[in-house]
Every structure is written in structure tokens, then in C-alpha cells.
Amino acid sequence: MKKGMSKLSSIRTEYVWANPKKCAACWQCVGSCPRQAIGKVSFLWHRHIVFKNAERCMGCKKCIKVCPYGVFSEEMPDVLGRFVKQPFL
Ligand code: SF4
Ligand code: SF4
């Protein structure tokens, strides 16, 4: 992650959310992103995608189409939604 980037920018861009917990590290999305916005976390037992250049995302949604595990979405993932929405209920 670049210095100064917030953690949120590793799981969202202006257009797309990612839930890295669902990622199977097949890396199909990494090469599919035309803006090289998606990067890898690749340790032995810790492998998933992150947005490494979230600001470069242009909203083409190729990542949503190519991922077989539903990692990407235009909506905030449920697990985060519950966390963010709860204080306002
Ligand atoms: S295509 Fe989906 S499962 Fe494969 S690396 Fe990308 S986010 Fe992970
Ligand atoms: S929406 Fe397009 S530009 Fe943005 S991360 Fe997905 S594939 Fe890359």
C-alpha cells in the first residue's frame, strides 16, 4: 500500500468495492484490469487481491465480470455494510 493511502482505498475505488475474504487468488482480475488498479497480496497462506491504485479505476467493471468468486461489486459488501450502517440504526 502506498504511503498515505487509507485502508479503505485497498478495498474500494470510486466505482467498485472488493471483498478480499472471498478471493481465491486465481489472479484473473489482475491482468484484466485495463488501468492496473488491482494488485496482489501473495504470502504463503495469505493470498488475495487489493486495490493498489484505486485512484486509477475508471469504472469499466471488467473485474466484476471476470471474477468467478464474486469478490467485486458495485455495492458495499454486506459484512462492511453492517459495520458502517449499525451506528445509524
Ligand atoms: S478474479 Fe476474483 S478470485 Fe481471482 S484473484 Fe481476482 S478477486 Fe481473487
Ligand atoms: S472497474 Fe475496471 S478499472 Fe476499475 S478496478 Fe475494475 S477492471 Fe480495473
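This passage walks through a predicted model of one chain, starting with its overall layout and then turning to two ligands and two residues.

The chain has 89 residues, and 20% of them are buried. Its secondary structure adds up to three helices and four strands. Going along the sequence, these elements turn up in the order β-α-β-β-α-β-α, so the run opens with a strand and ends with a helix. As for who touches whom, take the contacts between residues at least 6 apart in sequence: 60% of these link residues at least 24 apart.

Next come the ligands. The residues around ligand 1 are C23, A24, A25, C26, W27, Q28, C29, I49, V66, C67, Y69 and V71. What sort of residues make up this shell: nonpolar, polar or charged? The split is 11 nonpolar, one polar and no charged. Q28 is the polar one, because glutamine is not on the list of nonpolar or charged types. Ligand 2 has 15 residues around it, and the closest are C33, C57, C60, K62 and C63. Charged residues do appear in this second shell: there are three of them, along with 10 nonpolar and two polar ones.

One residue worth a look is H48, which sits in strand β3, a stretch covering residues 46–51. Is H48 buried, exposed or partly exposed? It counts as partly exposed, because it has 17 C-beta neighbours inside 10 Å, while being buried would take 20 or more. Setting aside residues up to four places away in sequence, H48 touches P20, C23, A25 and V41. Of these, C23 and A25 also belong to the residues around ligand 1. A24, another residue around ligand 1, is 24 residues away from H48 along the chain, and the C-alpha atoms of the two are 6.7 Å apart.

V16 tells another story. This residue lies in the segment before β1, the strand that spans 17–18. V16 is buried, because 24 other C-beta atoms lie within 10 Å. Which residues does V16 contact, leaving out its neighbours within four places in sequence? They are C57, K61, C63, I64, F72 and E74. Two of those contacts, C57 and C63, are also listed among the closest residues to ligand 2. With E74, the sequence gap is 58 residues, yet the C-alpha atoms of V16 and E74 are separated by 4.9 Å.

Methods: Residues numbered from 1 in each chain as written. Chains lettered and ligands numbered in written order. Predicted model: local features only at pLDDT ≥ 70, side-chain atom pairs only at ≥ 80, totals over all residues. Near = placed C-beta within 6 Å. Helix = DSSP H or I, 4+ residues; strand = E, 2+ residues; numbered from the N terminus. Buried ≥ 20, exposed ≤ 12 C-beta atoms within 10 Å, placed from the backbone. Contact = placed C-beta atoms within 7 Å.
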